[in-house]
Amino acid sequence: MARRAQKSKSITTIRTGGRLSRFTLFLLVVIALGAGSTELAVADAPSRDRIVRFGVYENQPKVFTNEEGHPSGLFVELFAEIARQEGWKPEYVPCAWSECLLALGEGRIDLMPDVAYSPERDEKFDFHRVPVVESWSRLYANAHHPIVALSEIGGLRVAVMGGSIQQAEFEQMMRGFDIDTIIVPTASLEEAFALARDGKVDLAIANHFFGDYFCREYGLIKTPIVFQMTELYFASAQGRNAELLGVVDRHLETWRNEPNSPYYTELARWMERPPERFLPPYIAWIIGIILGLLTVAGAMIGLLRRQVEKRTRHLWWANEQLRQSEEQYRHLFESMAQGVIYRSVDGDVIAANPAAERILGLSLDEMRTHIPGDPRWQYLREDGTEFPGDEHPAIAALRSKQPVLGTLMGVFHPSENRHRWVLVDAIPDFRPGESAPYRVYTTFTDITEHRNAETALAERAAELNAALVGAISAMSLTVEKRDPYTSGHQIRVAKLARAIAERLGLPKEEVEAIYLAGVIHDIGKISIPAEILVKPGELSSEERLLIRQHPLTGYEILKPIRFPWPIAEMVHQHHERMDGSGYPRGLAGEDILLGARIIAVADVVETMTLRRPYREALGLRAALEEVGERNSHLFDRAVVDACRALLANGAVSFFG
């Protein structure tokens, strides 16, 4: 059945066996014409005492079960008043949303409240003509994680009532903007809000009636992201209860023309604030007087005037809805913290909100004046180079017909005489049915202070890192002052270890950590007597045992220092071996840090290559054989291969 159900019309025929006076005949004609123009449904009207089964699901404040267990809400109270006036006997059937729709389609309930009209639902259900209210959907966020732009919801979890129009519309909108979100269907709006409150999802979708009514209770806040303007109706199974829908239309049409009717009373009760009345009281009186005069003047003229008035009211209502919608979006546009600029396809600025003027330091008129060479129109990349005009996100979005998101740009602020840094999103806008955009709007967020803070933090980190390297170098020099025969050993080991780490493709920070550990890997020798360190002959077992303690001593010296890397542990492990035969803990395989495995190879190669007090230099070939095939079970094969490649092509040298 179509959305605006056609009601049966009948003209009462009066039969008479005698002659009628002209005046009586005139009255009969007027009555017949009036009856033909009024949508009567006497033959189809529901009988008094009829039981009407009414579905009740939980969607406050429109329809819900109150604390006393009774049905309540805007739709319930309106239906109850209609039932009271018509003499119906309501039978309320509690059910979940999806269960209610299934029961409605199968005829197990007669009326379902709070149903949004859509062409798909029109194929399954019947709707009356006059909408009860209009609604829109809004995204609500946890107060600790506010969302102010559509571009910020990529990758976030969004809870929405499963099977609802909101879910279908939101998924379609996300596909249109090419934004990837995680949809979490729920059985009710309360469940969606509870998930957002508990941090199990990032956002929840609800109609503005429920959301605005309960967001504070759940600790959520409204986001400026709204969509899906829709009209809400009572619905019935297709072809089954047209007479019920006709009665609903009759009451709604009457009530909406009466300022103090039950309709406005219930709206004021269940909304955040009472809506504006459709007509001032004196207009209603004027309309009544005009209708009375037109009735006296003639039935035909009255019928024509009523048709004109009906069309006028519909047009007035449509204009009022358009005005309210424009006012809502204008308020959103002007109150946003983000800057917003609309441009034509020619690049001309059409409109800009106050945030855009504040961030750019330009008025709307100044934005519309594009002077070549003006520094206000010179945009910078992150590296400080100039941003070419044809690479501007707005131009790129028009060219590709796709949104361009998250572009970092520097824009000149004339009063501050410097560039401010903004994150820019550019989205092309299309007219219905057209494939080419007719305009583009850019939104941008000022991140100048955040960027300055990051820069200062990076500079401070660099200063601290330089101080740390200086301190470590001083530690290394302390050890080598006690052992002149191995002067420079730790630095050479550190350089070779760094080259090996880079060859293995390790991250820059990890390479730096391995280098610093190599610089002080022998710091534990500070506890060994100098005469043992420079002894030319063979060491005794007690002396060898003392030497073997230097990794542990180095670890104990470095452990209290809070390095950002495991330097103390690499020093502790640099004499461990892959087969577990090393010291001091006998670690094996992957239990040994990769940095320690790299330093172990570099340490052996450097030690064997150069002269020591107790022997002559053995040479690079012998050193590579020592860590290679001869002792492949002792050292990490990938580390040895990297070292061999570096030394073979001369990338690292121990001399000069």
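A cavity is a set of grid points where a 1.4 Å probe fits but cannot get out. In this predicted model, the structure holds four cavities of 30 Å³ or more. The one followed here is the second largest, with a volume of about 170 Å³.

What lines this space? The second largest cavity has 19 lining residues, and nearest its centre lie K62, D114, A116, Q166 and L232. Several secondary structure elements contribute to the wall: at least two lining residues each come from the strands β5 (112-116), β7 (133-142) and β11 (220-237), and from the helix α5 (165-177). Sorted by class, the lining of the second largest cavity consists of eight nonpolar, eight polar and three charged residues.

The cysteines are the next stop. How many disulfides does the model contain? The count is one, and the bond joins C95 to C100, with an S to S distance of 1.8 Å. The link of C95 and C100 is right-handed, with 95° about the S-S bond.

Are the two bonded cysteines buried or exposed? A residue counts as buried when its relative accessible area is under 20%. C95 has a relative accessible area of 17% and is therefore buried. C100, at 0% relative accessibility, is buried too. Two further cysteines can be judged by that cut-off: C215 is buried because its relative accessibility is 4%, and C643 is buried because its relative accessibility is 1%.

Methods: Residues numbered from 1 in each chain as written. Predicted model: local features only at pLDDT ≥ 70, side-chain atom pairs only at ≥ 80, totals over all residues. Heavy atoms only, no water. Disulfide = S-S within 2.5 Å. Buried < 20%, exposed > 50% of the residue type's maximum accessible area, 1.4 Å probe, protein only. 1 Å grid on protein atoms, 1.4 Å probe; cavity = no way out; pocket = protein on both sides within 12 Å on 5 of 7 lines; lining within 4 Å. Points joined across faces, edges and corners; volume = space filled by probe spheres on them. Helix = DSSP H or I, 4+ residues; strand = E, 2+ residues; numbered from the N terminus. Nonpolar A, V, L, I, M, F, W, Y, C, P; charged D, E, K, R; others polar.
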